[in-house]
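Here are some exercises to work through with the model open beside you. Try each task before reading its solution.

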Amino acid sequence: MTDLDRLAAEKYVLLTTFRKDGRAVPTPVWAVRDGEALAVWTVSDSGKVKRIRRDGRVTVAPCDVRGRPHGEAVPGHATISGPESTRRIRGLLKQKYRLIGRLSLLGSRLRRGEGGTVGLRIVLD
């Protein structure tokens, strides 16, 4: 089993981005496999999006809902998806997370609108 397979099978992964001064900022997120990459979904103006826009270097590790890792972190590079790719990622999340995924995505769309969230693609090193 590859790192990508292992991480895509997890319910939550710990996405760690890095500030300008190099400090790590870990965040538990949902993740799905998107071809040969891992994809996550987040608020467009979140800190992690700003940090990825500046520097796409990240690490990803399996974790629980509270962000406690239970496996090895894997380095990777994240990019911010465009509207079409974000729509595809939302669809993948609906498939994997079923009812709770659909409800979360619906609530987010009602609160923030279609452009209020963005997909992130992570290619593992």
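**Exercise 1. Work out how much surface the chain exposes and how its overall form can be described.**

Solution.
- Start with the surface of this predicted model: the accessible area of the chain is about 6,900 Å², and carbon and sulfur atoms hold 54% of that.
- Next, look at the burial: 46% of the 125 residues count as buried.
- Now take the extents. The C-alpha trace spans about 35 × 35 × 25 Å along its principal axes.
- Then go through the secondary structure, where you should find three helices and seven strands. In sequence order they give α-β-β-β-β-α-β-β-α-β.
- Compare the radius of gyration with the globule rule: the chain has 13 Å, close to the 14 Å given for 125 residues, so it is as compact as a globular protein of that length.
- Finally, check how far the contacts reach along the sequence. Among contacts with a separation of 6 or more, 69% join residues 24 or more positions apart.

**Exercise 2. Count the charged side chains and say how far apart the centres of the two sets lie.**

Solution.
- The tally is 25 positive side chains and 13 negative ones.
- Put a centre on each set, and the two centres come out 8 Å apart.

**Exercise 3. Find the largest nonpolar core and trace which elements build it.**

Solution.
- The core has 19 residues, and the members touching the most other members are Leu 15, Leu 38, Val 60 and Ile 122.
- Map the core onto the secondary structure. The elements giving two or more residues are helices H1 (3–9) and H2 (47–54), together with strands S1 (12–18), S4 (37–43), S5 (57–63), S6 (74–80) and S7 (117–124).
- Which strand gives the most to this core? That's S7, with four residues.
- Zoom in on Leu 38. Leaving out residues up to four places away in sequence, Leu 38 touches Leu 4, Leu 7, Ala 8, Ala 31, Val 32, Val 60, Leu 120, Arg 121 and Ile 122.
- Don't stop at one core: there's a second, separate one of twelve residues, including Trp 30, Ala 39, Ile 89 and Tyr 97.

**Exercise 4. Take Thr 17 and Val 25: are they buried or exposed, and what do they touch?**

Solution.
- Place them first. Thr 17 sits in strand S1, and Val 25 is in strand S2 (residues 24–29).
- Apply the cut-off, where buried means under 20% relative accessible area. Thr 17 has 1%, so it is buried. Val 25 has 15%, so it counts as buried too.
- List the contacts of Thr 17, not counting residues up to four places away in sequence: Arg 23, Ala 24, Val 25, Lys 48, Arg 51, Ile 52, Arg 57 and Val 58.
- Do the same for Val 25, and you get Leu 15, Thr 16, Thr 17, Arg 19 and Arg 51.
- Finish with two C-alpha distances. Thr 17 and Gly 56 are 7.8 Å apart in space and 39 residues apart in sequence. Val 25 and Arg 109 are 26 Å apart in space, with their positions 84 residues apart in sequence.

**Exercise 5. Walk along helix H3 and sort Thr 86, Gly 91, Tyr 97 and Arg 98 by exposure.**

Solution.
- Helix H3 covers residues 83–112, and Thr 86 is found there. Gly 91 lies in H3, as does Tyr 97, and Arg 98 has its place in this helix as well.
- Thr 86 has a relative accessible area of 3%, so it is buried. Beyond its neighbours within four places in sequence, Thr 86 contacts Ser 81, Thr 117, Val 118 and Gly 119.
- Gly 91, at 28%, counts as partly exposed. Its C-alpha is 22 Å from that of His 77, 14 residues away in sequence.
- Tyr 97 is buried, with 7% relative accessible area. Setting aside neighbours within four places in sequence, Tyr 97 is in contact with Glu 10, Lys 11, Trp 30, Ala 31 and Val 32. Recall that Tyr 97 and Trp 30 both belong to the second core.
- Arg 98 reaches 62%, and the cut-off for exposed is over 50%, so Arg 98 counts as exposed.
- One last thing to check on the backbone: Arg 98 has a positive phi of about 50° although it is not a glycine.

Key:
Residues numbered from 1 in each chain as written. Predicted model: local features only at pLDDT ≥ 70, side-chain atom pairs only at ≥ 80, totals over all residues. Heavy atoms only, no water. Core = buried A, V, L, I, M, F, W, Y, C linked by side-chain atoms within 4.5 Å. Buried < 20%, exposed > 50% of the residue type's maximum accessible area, 1.4 Å probe, protein only. Contact = heavy atoms within 4.5 Å. Rg over C-alpha atoms; globule rule 2.2 N^0.38 Å. Areas by Shrake-Rupley, 256 points an atom, 1.4 Å probe, with all protein chains shown as cover. Lys, Arg positive; Asp, Glu negative; His and termini not counted. Charge placed at Lys NZ, Arg CZ, Asp CG, Glu CD.
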